[in-house]
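Trainee: I would like a close look at a single part of this protein, namely its largest pocket, and then at whatever else helps me to place that part in the chain. Could you take me through it slowly?

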Amino acid sequence: MVLMQDTAAITAHERLSARADLALLGIYEISKLLCGPGSLQDVLSGTMYVLHSFLDMGNGVIALIDADGELEEVFSASHSTAMARQYFSAIPEKAIGQMMVTEMPVVIENVARDKSFGDWDTSLWGEGGNNYAFIGVPIRDRGHAIGVMVIDRAWMRLGDVRTDEEVRFLKMAANLIGQTVRLHRMVIRDRERLLEDQRRMEKEREALLPPDGRRAAGSPIIGESGPVRDVLDKVRMVARSNAPVLLRGESGTGKELFAQALHEASPRHDKPFIKLNCAALPESVLESELFGHEKGSFTGAVAQRKGRFELADGGTLFLDEIGEISAAFQAKLLRVLQEGEFERVGGTRTLKVDVRMVSATNRNLEDAVSKGTFRADLYYRLAVVPIFLPPLRDRPGDIPLLAQEFLRRFNADNKTRIALAPSAVSVLQSCYFPGNVRELENCIRRTATLTHGDRITDRDFACHNDGCLSAVLWKHHAPRTPHAPHAAAQPVPPPAPSLPVLNDPATCASAATCKASQGGGKTEYEQLLEAMERSGWVQAKAARILNLTPRQIGYALRKHNIPIKKF
């Protein structure tokens, strides 16, 4: 008798241990599934499939519910989405509400006899008659119920229902599901935020530079080359802050247009964009223009007038040619940048403004600071973010786009239909254009004005040297060197004419001079060296011997790498 009892106890213990091992294996399989790749639909539907394998269950769904108690999503392994929603809707709302509020499981061994939650519709549960058990557990995330997991099962004998073991198993699975849902939602939010940021950045970039490189509404920048895109990317990044920006570059590179693009891409785009050329006004007028003046403060001040700083309040103030202002005015401007306040000319009331400062120059301000002609403290206030604009020679791929746009404007202004031949574009791309975009526009307008037909070709540029003189004279002469930051502010010197012009009688002042300069067929190196020896290595004297200018002599010496002798 005792032996039989011991054997029964051992058998019960083995069954309990086996069920524990099975539950552990089930949780392991579920955790592998939830931690693996896939959409939330895939992993939760797969989880229900695993539950079918490890539990003696009939149907089951995982339902995610929002904060307002509305069903967000439902997942099932045995039903379609529509059928799963119908199955979940048939469960008494009071049972779902109790799990969501109390965050405790709901277990009903016989739904046909238990009326605590009302009548149960088991028409979708299968062929088990009235012998159905219901188990539901809440799905929690950081202390809040975000949904429920419910199952039903049919039974022949009530003793076959092991609700305690199944509830423990479902609760462990529900905890893993809660963490998985949170992680998936975080990933979705991050992805949506990244996509939104990408869309916003693309819209900002499109506003600055359309895909075809042409000008669109609100986009003054024309160009699709790498240097232009790099500048526009930096403009877009800088525009988000209020840091002062200093635009550096040669004359004609479009500093004003880039300043406007920076303003349009900034949070201040709906505020004023005020601009002023500092080199165009004397100091007394410049002070009145920037700070304003009171009535009667000077002769001609018949009324109070707001300055550019006041007009730009909340927006952007663009000061072009900032390197041309006097030392006295530099001190006045520094105070505004430091304190954000000033007084009108002739006034005593201090005014405060919120202005984004964008300035531009083609001068080498570092050199001016070292020479003491430009205040170092003002320079550091202005050049918080320097942006170097590429010269046109560094972006030859943009020349066709620019030329076509300038010709389109010419046609619109003059009611003409002149076109640009590919051969003409090739000529333009081989030109140096020291005046950059501004010179290219002038070249197109002059040539279009002087052409007799409705098509500009390479011969038009050759025939109308007076109409596009610089483009022809600068062709192929200047070396295309990488754009250096400090070199951007320096004007580019014209190229030296090659010395074979010495042997051209058309360039000589007289036959005697030509004969002397030709030197009996000597090479230009020999002519130059002989002239320098005869002049005692004085370049001005050598220039008179060769009928050239001292500047041309200097270029020729550098061309042939002839060192200057000093005595």
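Mentor: What follows starts with the pocket, goes on to a residue in the loop before one of its lining helices, and ends with some other sites in the chain.

Please keep in mind throughout that this is a predicted model. As a setting for the pocket, the protein has 567 residues, of which 42% count as buried, and its chain forms 21 helices and 16 strands. Among contacts between residues at least 6 apart in sequence, 66% join residues that are at least 24 apart.

The largest pocket has a volume of about 550 Å³, and 26 residues line it. Nearest its centre lie Thr-253, Gly-254, Lys-255, Leu-257 and Arg-438. Two or more lining residues come from each of helix H7 (255-264), strand S7 (273-277), strand S10 (316-320), helix H13 and helix H15 (436-450). The largest share belongs to H7, which gives four residues to the lining. By residue class, the lining divides into ten nonpolar, six polar and ten charged residues. Where does the pocket lie with respect to the domains? Both domain 2 (226-297 + 304-390) and domain 3 (393-476) give residues to its lining, so the pocket lies between them.

Helix H13, one of the elements that line the pocket, spans residues 399-414, and the loop between strand S14 (385-388) and this helix holds Arg-395. Is Arg-395 buried or exposed? Its relative accessibility is 4%, and because buried means under 20%, Arg-395 counts as buried. A polar atom of the Arg-395 side chain lies 3.1 Å from the backbone oxygen of Ile-222. If residues up to four places away in sequence are left out, Arg-395 touches Ile-222, Gly-223, Ser-225, Val-228, Pro-390, Leu-402 and Val-437. The list therefore includes Leu-402, whose number falls within the span of H13, and Val-437, whose number falls within the span of H15.

Apart from the pocket, there is one cavity of 30 Å³ or more. The largest cavity has a volume of about 30 Å³, and its lining consists of Glu-294, Arg-344, Gly-347, Thr-348, Arg-349 and Leu-351. Those lining residues divide into one nonpolar, two polar and three charged. Helix H8 covers residues 283-291, and its buried residues are Leu-286, Glu-287, Ser-288, Glu-289, Leu-290 and Phe-291. Just after H8 comes Gly-292, with a positive phi of about 80°.

A positive phi is also found in two residues that are not glycine, Glu-103 and Asn-547. For Glu-103 the phi is near 55°, and the residue sits in the loop between helix H4 (93-102) and strand S3 (106-108). With a relative accessible area of 22%, Glu-103 is partly exposed. For Asn-547 the phi is about 60°, and the residue belongs to the loop between helix H20 (539-545) and helix H21 (550-559). The relative accessibility of Asn-547 is 35%, and this residue too counts as partly exposed.

Helix H21, which follows that loop, contains Ile-553. At 0% relative accessibility, Ile-553 counts as buried. Computed along the sequence, Ile-553 and Ala-543 are ten residues apart, while their C-alpha atoms are 6.1 Å apart in space. Leaving aside neighbours within four places in sequence, Ile-553 is in contact with Leu-528, Met-532, Gln-539, Ala-542, Ala-543, Leu-546 and Leu-548.

One further residue completes the tour, His-184, which is found in helix H5 (residues 163-208). Its relative accessibility is 18%, and His-184 counts as buried. Apart from residues up to four places away in sequence, His-184 touches Gly-38, Ser-39, Leu-40 and Val-43.

Conventions
Residues are numbered from 1 along each chain as its sequence is written. This is a predicted model: local features need pLDDT of at least 70, side-chain atom pairs count only at pLDDT 80 or more; totals for chains, interfaces and linings use all residues. Side-chain values use heavy atoms; hydrogens and water are left out. Buried means under 20% relative accessible area, exposed over 50%, partly exposed in between (1.4 Å probe, protein chains only). A polar contact is a pair of N or O atoms within 3.5 Å; within protein, one must be able to donate a hydrogen and the other to accept it, and residues adjacent in sequence count only if both atoms are side-chain atoms. Contact means heavy atoms within 4.5 Å. On a 1 Å grid over the protein atoms alone, a cavity is a set of points where a 1.4 Å probe fits but cannot get out, and a pocket is an open set with protein on both sides within 12 Å along at least five of seven lines; lining residues have an atom within 4 Å of a point. Grid points are joined across faces, edges and corners, and a volume is the space filled by probe spheres set on the points. Ala, Val, Leu, Ile, Met, Phe, Trp, Tyr, Cys and Pro count as nonpolar, Asp, Glu, Lys and Arg as charged, and the others, Gly among them, as polar. Domain bounds come from an automatic or database domain assignment.
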